[in-house]
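Student: Please choose one part of this structure and examine it closely, starting from a single side chain. I would then like to see how the rest of the chain is arranged, in one connected account.

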Amino acid sequence: MSIFRTKNLDDMVAAARKPGGLQKVLGPLDLVLMGIGAIVGTGIFVLTGTGALTAGPALTLSFVVAALACGFAALCYAEFASTVPVAGSIYTYSYATLGELVAWMIGWDLMLEYGLATSAVSVAWSGYFQSLIAGIGLHLPTALTAAPGAVPGVQTLFNLPAFLIMMVLTAMLGWGVRESARVNNIMVVIKVGVVLLFIVVGVGHVKPANWQPYMPFGASGVMSAAALVFFAFIGFDAVTSAAEEVKRPERDLPIGIIGSLAVCTVLYVIVAAIMTGIVPYQNFLGIDHPVSLALQYAGENWFAGWVSLGAILGMTTVILVMAYGQTRIIFAMSRDGLLPKSLSKVHPKYHTPFLATWIVGLIFGFIAALVPLNVLAELVNMGTLAAFCLVSLAVIIMRKKRPDLHRAFRCPGVPVVPALAIIFCLALMCFLSATTWIAFGIWLALGLVVYFTYSRHRSELGKAQ
């Protein structure tokens, strides 16, 4: 049956190289900055405060735990991305190792992960943007400031800024990947500069007494915070979605994946240490701008506006890269016949999957405008952790099935490193809420219905049989 058949790797690479497809315009620096653009955003500017309430000063350790889970998975991603430089990320790798049904389900999972990530970050972007314009006396009508029910006791109907930023970035992605990468690179340099400036300004105001006790909530608090701040690392896997648009994927993709994750891990740990050293962790309760609060405690109010600017740019690049990753996954699934073929058509002028880009932008733009942030964030984490488990499993299977395959980058310590990735990710999944598990199960069940009623009968693999 086609659901158990895997695609031939050589055929997949050959299909990606056919003329008229995506253009190869990205280099290693583009990929590193793309990864940083997707990672540094909501996690460092918003979730650090919530994480501090859960773990205390041991938030630094929570970031290390989350980074280890991502790091082991990143090594697995790097092996596949350099070996199979085809759009679609873990969806494509699963198709080559675990079969069509698993590939469909993980592609369905990634649509949830990337799509809701863009929506969630758009909501956070809206909050910082409204705070910034309020500083110059501008205010939106209350009904257009948040999703329904997002603010207790306040009647809100539609988050207009969240919707508009999605539309602007959708237009940019439809325009062209080279242009989008240039804009992303500029914004990444600015926001990383803001983070570095915070470190320089804040380090002199640290009071080591605020780090005592270091683990007020024990190991459980550290792991719970790690499951939450894991959201801060989501994005490095989006680099693999650019595989078909990279000039030298065998060399550049591992550099982009591992380089961006390493840079962001160092920044996160340092920022978390400085924040909890300036502000007693209990004082982050109810705070959605923890970095700004730390500066206020330090008496550096002049820098608050720069932090807001860095947060806005940081979240903008996250939305841009995650939306980009989702459109490329849909492109790959459509090319395989699992989604309508119109979604993999490349615009003759812009060389982008134009229709898929706008469908994604509109759907998740409306979700951002109508669904509160807290409902979105945990579902994103669940989808990502499931994807990381599968890519790690796929590396082990591919080493057994195709030991002869040329691998430009080899994940070290197989099967131990992939197994550690799976263990870390499953451990973090156990700390997510029961509601999140139920919602994720419903989404997967819906995916099975779509597969057996539509995709299975139209897949190119099924037709080949």
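Tutor: With a relative accessibility of 59%, Asp 404 counts as exposed, because the cut-off for that class is over 50%. The model under discussion is a predicted one. The side chain of Asp 404 meets that of Arg 402 in a salt bridge, with 3.3 Å from N to O. The relative accessible area of Arg 402 is 25%, and this residue is therefore partly exposed. A network of salt bridges with shared partners also joins Glu 79, Arg 399 and Arg 407. Side chains of opposite charge can pair when their charged atoms come close.

The structure holds 5 salt bridges in total. One of them pairs Glu 460 with Lys 341, whose closest N and O atoms lie 3.1 Å apart. Glu 460 belongs to helix H17 (residues 460-464), whereas Lys 341 sits in the loop between H12 and H13, so this pair ties together parts that are 119 residues apart in sequence. Both partners are partly exposed: Glu 460 has a relative accessibility of 30%, and Lys 341 has a relative accessible area of 40%. Another salt bridge brings together the side chains of Arg 251 and Asp 252, with an N to O distance of 2.6 Å. Here the two partners fall into separate classes, because Arg 251, at 38% relative accessibility, is partly exposed, while Asp 252, with a relative accessible area of 1%, is buried.

The loop that carries Lys 341 lies between H12 and H13, which leads to helix H13 itself. This helix covers residues 354-370, and its 17 residues should span 24 Å at 1.5 Å a residue; the end C-alpha atoms are 25 Å apart, so the model agrees with the expected value. Its buried residues comprise Ala 356, Thr 357, Val 360 and Gly 361, together with Phe 364, Gly 365, Ala 368 and Ala 369. The packing partners of these buried residues are helices H6 (100-134), H7 (160-175) and H12 (304-335).

Helix H6, one of those partners, also contains Ser 126. Ser 126 is buried, because its relative accessibility is 0%. A polar contact of 2.7 Å links its side chain to that of Asn 159. Setting aside residues up to four places away in sequence, Ser 126 touches Thr 145, Asn 159, Pro 161 and Ala 162.

A second buried serine can be set beside this one. Ser 392 lies in helix H14 (residues 373-401), and its relative accessibility of 0% is why it counts as buried. With residues up to four places away again left out, Ser 392 touches Ala 73, Cys 76, Pro 418, Ala 421 and Ile 422.

Helix H12, another of the packing partners of H13, contributes to the surface as well. Ile 186, Ile 190, Leu 197, Val 200, Trp 302, Trp 306 and Leu 309 make a nonpolar surface patch of about 700 Å². Both H12 and helix H8 (177-202) supply at least two of the patch residues, and H8 gives the most, with 4 residues. Ile 186 is in helix H8 and counts as exposed, because its relative accessibility is 54%.

Two further positions show approaches between parts of the chain that are separated in sequence. Gln 282 occupies the loop between helix H10 (249-278) and helix H11 (290-297). Its C-alpha atom is 6.2 Å from that of Leu 53, although the two residues are 229 residues apart along the chain. At 45% relative accessibility, Gln 282 is classed as partly exposed. Ala 445 has its place in helix H16 (residues 434-458), and its relative accessibility of 40% likewise makes it partly exposed. A distance of 9.4 Å separates the C-alpha atoms of Ala 445 and Met 105, which are 340 residues apart along the chain.

To return to the starting point, exposed Asp 404 is paired with Arg 402 in a salt bridge, and Glu 79, Arg 399 and Arg 407 form a network.

Key
Residues are numbered from 1 along each chain as its sequence is written. This is a predicted model: local features need pLDDT of at least 70, side-chain atom pairs count only at pLDDT 80 or more; totals for chains, interfaces and linings use all residues. Side-chain values use heavy atoms; hydrogens and water are left out. The expected span of a helix is 1.5 Å times one less than its number of residues. Buried means under 20% relative accessible area, exposed over 50%, partly exposed in between (1.4 Å probe, protein chains only). Contact means heavy atoms within 4.5 Å. A polar contact is a pair of N or O atoms within 3.5 Å; within protein, one must be able to donate a hydrogen and the other to accept it, and residues adjacent in sequence count only if both atoms are side-chain atoms. A salt bridge is a side-chain nitrogen of Lys or Arg within 4 Å of a carboxyl oxygen of Asp or Glu. Patches are made of residues with over 30% relative accessible area and no salt bridge: like charges are joined within 9 Å, nonpolar side chains (Val, Leu, Ile, Met, Phe, Trp, Tyr) within 5 Å. Accessible areas come from the Shrake-Rupley method with a 1.4 Å probe; for residues, only the protein chains shown count as cover.
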